[in-house]
Amino acid sequence: MFIMTTSHALYPGSFDGVTFGHLDIVRRAARHYGLVTVAVAENSGKRSPTFSVPERVEMLSHCLAEMGNVEVRSFPGLTVEFAASIGADVILRGLRAVSDFEFEFQMAMMNENLAPDITTLFMVPSPQFSFVSSSLVKEIARYGGDVSHFVPANVAAAIAERMGPGK
Ligand code: ADP
């Protein structure tokens, strides 16, 4: 029998253009945890993001509005400190391919060191989303390509407005 020993998971990221890959991970997580906090990292390493933190929070909130046990936040500073402050003892990250592994592994080890009580868990998405990334989607949109298979309509519209052809 599977016994759920934790009920609150944090899914942090930059979410600079929410994709169906991100949403797939949230949906899976919401089946296993009483509460999933999806949180935009305000100082993620990414330089010059396309969308502001409030825009990314709004985009995620719109996409996840129907999910009762999912909340959307943003946070400054260290992910483990934010996790502890909201009472989450699991940090979820998505793994698409081997290429994600090295960075994710390093970060998980660092977080384990900083906060041994918080566990990092990795989830893989459905195969049809395993190659989707925000940056690739934006690259396609920049040249007028159809991104409707990779991102929700509100995100596709926001990307087209911000960086479609001629922008
Ligand atoms: P980061 O947090 O590294 O800046 P993102 O905001 O794009 O990157 O993604 C947040 C988390 O979701 C990361 O763990 C990332 O690996 C994962 N992720 C991104 N795209 C997908 C996808 N298509 N399928 C599964 N996981 C994904």
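**Exercise 1.** Which helices and strands each supply at least two residues of the shell around the ligand?

*Solution.* The model is predicted: local features need pLDDT of at least 70, side-chain atom pairs count only at pLDDT 80 or more, and totals for chains, interfaces and linings use all residues. Residues are numbered from 1 along each chain as its sequence is written, and side-chain values use heavy atoms, with hydrogens and water left out.

Step 1. Helices (H or I, at least four residues) and strands (E, at least two) are DSSP runs, numbered from the N terminus.
Step 2. The elements sought are strand 1 (8–13), helix 1 (20–32), strand 4 (90–94) and helix 4 (98–114).
Step 3. They belong to a chain with 6 helices and 5 strands, in the order β-α-β-α-β-α-β-α-β-α-α from the N terminus.

**Exercise 2.** Identify the backbone atoms that lie 2.8 Å from the ligand.

*Solution.* Step 1. A polar contact is a pair of N or O atoms within 3.5 Å; within protein, one must be able to donate a hydrogen and the other to accept it, and residues adjacent in sequence count only if both atoms are side-chain atoms.
Step 2. A polar backbone atom of Phe15 is 2.8 Å from a ligand oxygen.
Step 3. Ligand nitrogen is 2.8 Å from a polar backbone atom of Phe129, and a backbone N or O atom of Val132 lies 2.8 Å from a ligand nitrogen.

**Exercise 3.** Compare the radius of gyration of the chain with that of a compact globule.

*Solution.* Step 1. The radius is taken over C-alpha atoms, and the globule rule is 2.2 Å times the number of residues to the power 0.38.
Step 2. For 167 residues the rule gives a value near 15 Å; the chain has 16 Å, which agrees.
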